[in-house]
Amino acid sequence: MARREPVSIAIGKMLDQSGYLRDLRDERSEEARVASRTWAELVSAAREYETREPEPTLGGSVDPFALSDADEEQGPATPGSG
């Protein structure tokens, strides 16, 4: 699917077809609302990426610096934690 569809559409379809978003809506907790907003932001970021990148890919839509920043905020891994 990710090769045939724009990145944002592929992510949206995966979330929808997996039932994950439906489960989050049904849960009705604050954590579920935050997770739902986070996924919506991911799709929005993918749309923005598609406008900047001449040949957008699913892998390319993930910002490696964002991932490394999140790792740094968590601190060093402890033995057995990952």
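Here are some notes on the predicted model shown above, point by point.

1. Overall layout. The protein chain has four helices and zero strands, so if you read from the N terminus on, the elements simply go α-α-α-α. Of its 82 residues, 18% count as buried. The accessible surface comes to about 6500 Å², and carbon and sulfur atoms hold 52% of that.

2. Contacts along the chain. Take the contacts in the protein chain with a separation of 6 or more: 51% of them come from residues 24 or more positions apart.

3. The core. Six residues make up the largest nonpolar core, namely Val7, Ile11, Leu15, Val43, Ala46 and Tyr49. Helix H1 (7-18) and H3 each put in at least two of these residues. As background, nonpolar side chains in soluble globular proteins tend to be buried together.

4. Leu15. This core member is worth a click. Setting aside neighbours within four places in sequence, Leu15 is in contact with Tyr20, Leu21, Trp39 and Val43. Val43 is itself listed in the core, while Tyr20 and Trp39 bring us to the next point.

5. The aromatic pair. A search of the whole structure turns up one aromatic pair. Tyr20 and Trp39 form it, with 6.1 Å centre to centre and 85° between the planes. The pair counts as edge-to-face because the angle of 85° is over 60 degrees. In sequence the partners sit 19 residues apart, and the pair links distant parts of the chain: Tyr20 belongs to helix H2 (residues 20-27) and Trp39 to helix H3 (residues 30-52). Are the two rings' residues buried or exposed? Neither label fits: Tyr20 is partly exposed at 33% relative accessible area, and Trp39 is partly exposed too, at 30%.

6. Ser29. Look in the loop between H2 and H3 for this one. Ser29 has a relative accessible area of 16%, so it counts as buried, the limit being under 20%. Its side chain reaches the backbone nitrogen of Ala32 at 3.1 Å.

7. Salt bridges, the count. There are four salt bridges in the model. Points 8 to 10 go through some of them.

8. Lys13 and Glu5. These side chains meet in a salt bridge at 2.7 Å, N to O. Lys13 is partly exposed at 32% relative accessibility, and Glu5 is partly exposed with a relative accessible area of 24%.

9. Arg33 and Glu30. Here the salt bridge is 3.4 Å, N to O. Both residues lie in helix H3, three residues apart, or about one turn of the helix. Arg33 is partly exposed with a relative accessible area of 43%, and Glu30 also counts as partly exposed, at 43% relative accessibility. Which residues are linked in a network of salt bridges? Glu30 and Arg33 are, together with Arg37.

10. Arg52 and Glu48. This is a salt bridge at 3.2 Å, N to O. Helix H3 holds both residues, four residues apart, again about one turn of the helix. Arg52 has a relative accessibility of 54%, so it counts as exposed, that label starting over 50%. Glu48, with a relative accessible area of 48%, is partly exposed.

Terms used: Residues numbered from 1 in each chain as written. Predicted model: local features only at pLDDT ≥ 70, side-chain atom pairs only at ≥ 80, totals over all residues. Heavy atoms only, no water. Phe/Tyr/Trp six-rings, centres within 6.5 Å; stacked < 30°, edge-to-face > 60°. Helix = DSSP H or I, 4+ residues; strand = E, 2+ residues; numbered from the N terminus. Buried < 20%, exposed > 50% of the residue type's maximum accessible area, 1.4 Å probe, protein only. Contact = heavy atoms within 4.5 Å. Areas by Shrake-Rupley, 256 points an atom, 1.4 Å probe, with all protein chains shown as cover. Core = buried A, V, L, I, M, F, W, Y, C linked by side-chain atoms within 4.5 Å. Polar contact = N/O pair within 3.5 Å; in protein donor to acceptor, adjacent residues only side chain to side chain.
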